[in-house]
Amino acid sequence: MANSCGSTTMNSVLALEKQLMEKNRYLDLIIKECQDKPMVKTSPVFKQRFDSQEQVEDLFMALQQHVNSIRKLTSHCPAVQSLENGIESLENGIENQDIKEIKTGVTPPVLEIGKKRRFWNCKYLRDDYIEQFRRRAAQRAEINMKHLNEANEMFLRTKNRRIAYEGGLFKKLLLEEVMPKSIHVIEEVQVSTELTPLTKVQQDRRVALSEGPLKQVIVTKFKLDIHRSEIKILTEGAWLNDVIINFYMNLLAERSEKRPGQVPSVYAMNTFFVPRLLQSGFDGVKRWTRKVDLFSKDIILVPVHHSGVHWCLVVIDLRAKTMLYYNSKGGGNPKVMRALEKYLRMESLDKRELPLDTNDFRIEHARDVPQQDNMDDCGVFTCMFAEYLTRDASITFCKDDMNYFRIKMVLEIADGELWQ
């Protein structure tokens, strides 16, 4: 194996020597021909193109210098390796007397010029250079693509996080920072003495409504679809979404239409009303009531999704000239109250062409209302505030009644009608 390798390398050395020697002989022949044949310099062609013999001599001198530069570049080419170094590397691999004789006895003249000649060490002239270059380029491209994908994933995560925050869907993270989330399945229901206990039939129906595909539509009304997923939100003690709030508010408004004179007339705003009002002002929402006269109603319900994580309710009682903010966590919301007060004045001018004086309105947050002790029942409190107030009932329930109200809401929503 070693002898074969040495023989192959030796043949390459000899072939290189032969090529260099032939090139040197060719260059010597060009110089010799130019020097030995003066008729070339005196030919008619040169006489026609040059004005004097000095110009011809200068031409041939430049040609000779060019030939010498070619010889110098050939002998000092970075691609040429010293023959001595090559033979020394062969001696380290094999024991061959013929190679030692070549080292000591034969050294081509071209290889005697300079001692910094290299050939096989030049990576650009290796047989596998192109293949290695392509492999390295493919590896760099793969690494760059990996980094690009990581950057793109980080961008998408950041974008989705920002959109979720702006859209009010960042609730879970905000709540977890305040209090760990506790999802509880309703098993036993304890109610106040004034509430009608649930029957076994009602309990069994609640269980049946909770079982099945989450995307199955349970009821369609008010241009809203209630899916089984909304039913499970109520039965599992989770946070209420817009669909449930809007559907229940529409049930309250429908009750007032079905029972005129028995309960106050009610109009319920959509959960998206307040965000649009705060963002675009009156012009952004003035068409929302083009088919209704707000000032003909007794009570206007305005659900408020405070910071996208907490449900509250504004109840505008035009009979009593009050605008109260019901919050199961306590506190008010001056920004929303000012916006609604301004909205009423502009709505009156736009629809009735009459000014509305709100100076004598009592505008504040409701006091001494039931308070929640978890992070999920705010929507149920909001719906129950509205349910009691829209039939002129005193608010007598408490936080312990929330599980009962959840089941009651499930059955009312599934039937598309309130119990009372």
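Q: Which rings count as an aromatic pair, and how many aromatic pairs does that rule give?
A: Rings of Phe, Tyr and Trp (its six-membered ring) pair if their centres lie within 6.5 Å, and planes under 30 degrees apart count as stacked, over 60 as edge-to-face and the rest as tilted. The model is predicted, so local features need pLDDT of at least 70 and side-chain atom pairs count only at pLDDT 80 or more, while totals for chains, interfaces and linings use all residues. Residues are numbered from 1 along each chain as its sequence is written, and side-chain values use heavy atoms, with hydrogens and water left out. By the pairing rule, the count comes to 13 aromatic pairs.

Q: Why is the pair of Phe 385 and Phe 397 called stacked, edge-to-face or tilted?
A: The ring centres of Phe 385 and Phe 397 are 5.7 Å apart. Their planes stand at 40 degrees, so the pair is tilted.

Q: Where in the chain do Phe 385 and Phe 397 lie, and how many residues apart are they?
A: Helices (H or I, at least four residues) are DSSP runs, as are strands (E, at least two), and both are numbered from the N terminus. Phe 385 belongs to helix α14 (residues 378-389), whereas Phe 397 is in the loop between α14 and α15 (402-415). The pair therefore links distant parts of the chain, with a separation of twelve residues.

Q: Is Phe 405, the partner of Tyr 388 in an aromatic pair, buried or exposed?
A: Tyr 388 and Phe 405 pair edge-to-face, at 6.4 Å centre to centre and 85 degrees between the planes. Since Tyr 388 lies in helix α14 and Phe 405 in helix α15, the pair ties together parts that are 17 residues apart in sequence. Buried means under 20% relative accessible area, exposed over 50% and partly exposed in between (1.4 Å probe, protein chains only). At 1% relative accessibility, Phe 405 counts as buried.

Q: Which residue lies over the face of Tyr 388?
A: A charge sits over a ring if NZ of Lys or CZ of Arg is within 6 Å of the ring centre and within 35 degrees of the ring normal. Tyr 388, which is buried with a relative accessible area of 5%, is also a member of one aromatic cluster that includes Phe 385, Phe 397 and Phe 405. At 4.7 Å from the ring centre, the residue over the face of Tyr 388 is Arg 391.
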